[in-house]
2 protein chains.
Amino acid sequence: MANRKISNTLALAVLGLLQERPMHPYEMASVLRERYKDASFKINSGSLYDTVEVLVRHGWISPRETVREGKRPERTIYEHTELGHREFLDWLDELIRVPVHEHPKFMAAMSYLGALGPDAAADALTERVSHLTKRIEETRTLLNSTVGAGSLPRLFMIEVEYALHTWEAELAWTRRIVTEIRDGSLSWPGTEQGGGQ
Amino acid sequence: MANRKISNTLALAVLGLLQERPMHPYEMASVLRERYKDASFKINSGSLYDTVEVLVRHGWISPRETVREGKRPERTIYEHTELGHREFLDWLDELIRVPVHEHPKFMAAMSYLGALGPDAAADALTERVSHLTKRIEETRTLLNSTVGAGSLPRLFMIEVEYALHTWEAELAWTRRIVTEIRDGSLSWPGTEQGGGQ
DNA sequence: GTCCTTATAGTAGGAACCGACTAATAGGAG
DNA sequence: CTCCTATTAGTCGGTTCCTACTATAAGGAC
């Protein structure tokens, strides 16, 4: 009963939307995209319908009605249950309280940085720096045109602020490593030019 | 031919190990753990054997021999192919060059921070701060007892330095948000006490 | 009015992934 | 020398996840 939880965060997104009002899956995807939440959740129509089914099986949401307009496919509209409401808050609380170990692809790649040799490594990292810089600028622009312009409360985009902050940290670190590779202070076992010592 | 790539980074780990010397899957897992690479890759015996099979199907690695000691299960030893060598370097280079969008669970949760209300939110974030602090300390200790003690070259633990840096950034950000919730500078739509303005 | 593109709504089949299990051996406790 | 646990090595079955696809309707170009 402890970790019988669903782990896919897309389920959290669905649950969250249904706290507001009943919706059919396709609409959930649209609303999430409108609100820029596709940066936080991996929205994929196949997974979305599966996720909804799992939530139904667990009794966290339930179908409310099935409507059909013209000859388009039927839309099934879902609503949250009492249990679903409690589990939503519980899950949310835990996700915030307890950091989980994740496995970002960049960390995996850095584990084998040595294999590239110092020159290719510095080169690849330099290109990463430029991608990150661009992404950060775009995100700043987005925040300025929404929260900055007063059209959205800051709380509604707080996770974007978080992402921005982590990218900035990654950028700073990456830049520093490039410098250290180039000036030899990060020495490269396997090549004969060691750093100091 | 462009994105016919394997996406699971565990395959990168396998490929990387086989650049050194031939190995059987169980040994790969042990070596990765010895080298603290289980922080970078999600090692799971089920997935590992599947991944090895996929690599064989793609022709990036191939079985070299099957040995049996006593009546224990047979061990199949794999080695990398020429193609596997090229693809390893290529993939590595791309993972470093081009940042991919990931979906950390914390970001997902922060998207619904509002649902907790300011008090519960500050409370949960405060607990996160303490977990992060502890994790950072432990990681510093690990780095001191390996790279710091001169028993491992810094390059071999560079991804741990990266993780440490990102956790520190997350910690600083989380602390700041807690402060802003408590002093009211992060205002909470839905409750009536707005911030400044 | 016909053509083309985009939006709407969802389905289906297979690949990937993971947890739980098997089964043998080695190493100590007593 | 018998029991118990840890280590070695890998398999199996089900769930989850994703890509590719179907099919209708609406909106403009010309």
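## A histidine at the end of a strand

H80(A) is buried in this predicted model: 24 other C-beta atoms sit within 10 Å of its own, and the bar for calling a residue buried is 20 or more. H80(A) belongs to strand 2 of chain A, which covers residues 75–80.

What does H80(A) touch, once residues up to four places away in sequence are set aside? The list is L15(A), L18(A), Q19(A), W60(A), I61(A) and H85(A). There's also a long-range pairing here: H80(A) and L17(A) are 63 residues apart in sequence, yet their C-alpha atoms are 9.2 Å apart in space.

## Over in chain B: I61

Now for a strand residue of the other chain. I61(B) sits in strand 1 of chain B, residues 61–67. Is I61(B) buried or exposed? It's buried, because it has 25 other C-beta atoms within 10 Å, against a threshold of 20 or more.

Leaving out residues up to four places away in sequence, I61(B) touches L18(B), L55(B), V56(B), Y78(B), E79(B), H80(B), T81(B) and G84(B). Take Y78(B) from that list: 17 residues along the chain separate it from I61(B), and the C-alpha atoms of the pair are 6.6 Å apart.

## How helix 1 of chain B packs

Helix pairs come next. Two packed helices are described by the angle between their axes and the distance between the axes.

Start with helix 1 (residues 9–20) and helix 4 (residues 82–97) of chain B, whose axes come within 10 Å and cross at roughly 125 degrees. That angle makes helix 1 of chain B oblique to helix 4 of chain B, and the crossing of the two is left-handed. On the helix 1 side of chain B, L12(B), L15(B), G16(B) and Q19(B) take part; they meet G84(B), H85(B), F88(B), W91(B) and L92(B) from helix 4 of chain B. Sorted by class, this contact of helix 1 with helix 4 of chain B has five nonpolar and four polar residues, with no charged ones.

Helix 1 of chain B also packs on helix 3 of chain B, with the axes 9 Å apart and an angle of about 70 degrees. These two helices of chain B, 1 and 3, are therefore roughly perpendicular to each other. Helix 1 of chain B brings L10(B), A11(B), V14(B) and L15(B), while helix 3 of chain B brings S47(B), L48(B), T51(B), V52(B), V54(B) and L55(B). The class count for helix 1 with helix 3 of chain B is eight nonpolar, two polar and no charged residues.

## Where the chains meet

How many residues of chain A are in contact with chain B? The number is 55, and they contact 55 residues of chain B. On the chain A side, the elements giving two or more residues are helix 1 (9–20), helix 4 (82–97), helix 5 (105–110), helix 6 (117–145) and helix 7 (158–182). Helix 7 of chain A supplies the largest share, nine residues. By class, the side of chain A that touches chain B has 33 nonpolar, ten polar and twelve charged residues.

One helix pair spans the two chains: the axes of helix 4 of chain A and helix 6 (residues 117–145) of chain B come within 7 Å and cross at roughly 40 degrees. D93(A), I96(A) and R97(A) from helix 4 of chain A meet A120(B), A124(B), L125(B), E127(B) and R128(B) from helix 6 of chain B. The contact of helix 4 of chain A with helix 6 of chain B has four nonpolar and four charged residues, and no polar ones.

## Two copies, one turn

A turn of 180 degrees and a shift of 0.0 Å along the axis lays chain A on chain B with an RMSD of 0.0 Å. The two copies are thus related as by a two-fold rotation axis. The same surface serves both copies, with 100% of the contact residues of chain A recurring in chain B.

## An odd backbone angle

Most residues other than glycine have a negative phi. Y36(A) goes the other way, with a positive phi near 65 degrees. Its place is the loop between helix 2 (25–34) and helix 3 (45–57) of chain A. Y36(A) is partly exposed, with 18 other C-beta atoms within 10 Å.

Y36(B) isn't a glycine either, and has a positive phi of about 65 degrees. Y36(B) lies in the loop between helix 2 (25–34) and helix 3 (45–58) of chain B. Because Y36(B) has 18 C-beta neighbours inside 10 Å, it counts as partly exposed.

How values were computed
Residues are numbered from 1 along each chain as its sequence is written. Chains are lettered from A and ligands numbered from 1 in the order in which they are written. This is a predicted model: local features need pLDDT of at least 70, side-chain atom pairs count only at pLDDT 80 or more; totals for chains, interfaces and linings use all residues. Two residues are in contact if their C-beta atoms, placed from the backbone, lie within 7 Å. Helices (H or I, at least four residues) and strands (E, at least two) are DSSP runs, numbered from the N terminus. Ala, Val, Leu, Ile, Met, Phe, Trp, Tyr, Cys and Pro count as nonpolar, Asp, Glu, Lys and Arg as charged, and the others, Gly among them, as polar. A residue is buried if 20 or more other C-beta atoms lie within 10 Å of its own, exposed if 12 or fewer, and partly exposed in between; C-beta atoms are placed from the backbone. Axes are lines fitted to C-alpha atoms, for helices over the stretch in contact, and angles run from 0 to 180 degrees between N-to-C directions. Angles under 35 degrees count as roughly parallel, over 145 as roughly antiparallel, 65 to 115 as roughly perpendicular and the rest as oblique. A crossing is left-handed if the near helix is turned anticlockwise from the far one by less than a right angle, and right-handed if clockwise. Copies are superposed by least squares on the C-alpha atoms of residues with pLDDT of at least 70 in both.
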